[in-house]
Amino acid sequence: MHEYSLIEALVTRVEAEARKRNALAVHKLSVRVGELSGVDPELFQTAYETFRAGTICADAPLTLTRVAASWSCPRCKTPIARGAILRCPACDAPGKLDDGSDALTLDGIEMEVP
């Protein structure tokens with residue numbers, strides 16, 4: 001249920017960005033949801049549909065892009081296969097979770113600016 005508080009923070013951030021640019025309207029939002037972010041994409045979308053009424057985002061659809069979790073070697077950048085032991089098959093270094101795998105990222109705001 002923390003998706004509702006995340007949406008509240010998202011809309012607050014979008015309102016701040018719109019205010020900084022004197023935007024007349026927000027037309028579209030895009031967010032990336034990492035597989036290990038702890039966010040349920042369906043609940044996040046539902047929370048957005050509920051929360052956006054009466055805000056600057058009221059007419060702006062939300063596009064979610066799911067980012068699959070992946071690991072790679074921090075030394076030689078060799079990808080580590082999903083389900084494999086989290087050590088590099090080339091140099092035996094411990095694997096590192098790749099960027100975005102556990103993140104929730106505001107990817108874009110399309111707004112009408114005078």
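**Entry 1: salt bridges**

I began by counting the salt bridges, and I found that the structure holds eight of them. I note here that the model is a predicted one, and I keep that in mind throughout. Side chains of opposite charge can pair when their charged atoms come close.

I looked up Glu17 next, and I saw that it forms a salt bridge with Arg21, in which the closest N and O atoms are 2.5 Å apart. Are these two residues buried or exposed? Glu17 counts as buried, because its relative accessibility is 11% and the cut-off for buried is under 20%. Arg21, with a relative accessible area of 40%, is partly exposed. I then wrote down that Glu17 and Arg21 belong to a network of salt bridges, in which Arg13 and Lys20 are linked as well.

**Entry 2: two pairs that join separate elements**

I turned to Asp107 and Arg32, whose side chains meet in a salt bridge with 3.1 Å from N to O. Asp107 is part of strand 6 (residues 104-112) while Arg32 is part of strand 1 (residues 25-34), so this pair ties together parts that are 75 residues apart in sequence. For Asp107 I noted a relative accessibility of 43%, which counts as partly exposed, and for Arg32 a relative accessible area of 30%, which is also partly exposed.

My other pair was Arg66 and Glu42, where the side chains meet in a salt bridge at 2.4 Å, N to O. Here Arg66 sits in strand 2 and Glu42 in helix 2, so the pair ties together parts that are 24 residues apart in sequence. Arg66 has 54% relative accessibility and counts as exposed, whereas Glu42, at 46%, counts as partly exposed.

**Entry 3: helix 1 against helix 2**

Since Glu42 had led me to helix 2, I looked at how this helix is placed against helix 1. Two packed helices are described by the angle between their axes and the distance between the axes. The axes of helix 1 (residues 2-20) and helix 2 come within 9 Å, and they cross at roughly 55 degrees. The two helices are therefore oblique to each other, and helix 1 passes helix 2 in a right-handed crossing. Which residues make the contact? From helix 1 I listed Glu3, Tyr4, Leu6, Ile7, Glu8, Leu10 and Val11, and from helix 2 I listed Leu43, Phe44, Thr46, Ala47, Tyr48, Thr50 and Phe51.

**Entry 4: Arg52**

I followed the chain to Arg52, which lies in the loop between helix 2 (41-51) and strand 2 (62-67). I recorded Arg52 as buried, because its relative accessibility is 16%. What does Arg52 touch, leaving out residues up to four places away in sequence? My list holds Cys57, Ala58, Asp59, Ala60 and Pro61. With Ala60 I also found that its backbone oxygen lies 2.7 Å from a polar atom of the Arg52 side chain.

**Entry 5: Asp98**

My last residue was Asp98, which has its place in the loop between strand 5 (96-97) and strand 6. Asp98 has 23% relative accessibility and so counts as partly exposed. Not counting residues up to four places away in sequence, Asp98 touches Ser70, Trp71 and Ser72. Asp98 and Ser72 are 26 residues apart in sequence, yet I read 6.5 Å between their C-alpha atoms. With Ser70, the side chain of Asp98 makes a polar contact, side chain to side chain, at 2.8 Å.

How values were computed: Residues are numbered from 1 along each chain as its sequence is written. This is a predicted model: local features need pLDDT of at least 70, side-chain atom pairs count only at pLDDT 80 or more; totals for chains, interfaces and linings use all residues. Side-chain values use heavy atoms; hydrogens and water are left out. Helices (H or I, at least four residues) and strands (E, at least two) are DSSP runs, numbered from the N terminus. Buried means under 20% relative accessible area, exposed over 50%, partly exposed in between (1.4 Å probe, protein chains only). A polar contact is a pair of N or O atoms within 3.5 Å; within protein, one must be able to donate a hydrogen and the other to accept it, and residues adjacent in sequence count only if both atoms are side-chain atoms. Contact means heavy atoms within 4.5 Å. A salt bridge is a side-chain nitrogen of Lys or Arg within 4 Å of a carboxyl oxygen of Asp or Glu. Axes are lines fitted to C-alpha atoms, for helices over the stretch in contact, and angles run from 0 to 180 degrees between N-to-C directions. Angles under 35 degrees count as roughly parallel, over 145 as roughly antiparallel, 65 to 115 as roughly perpendicular and the rest as oblique. A crossing is left-handed if the near helix is turned anticlockwise from the far one by less than a right angle, and right-handed if clockwise.
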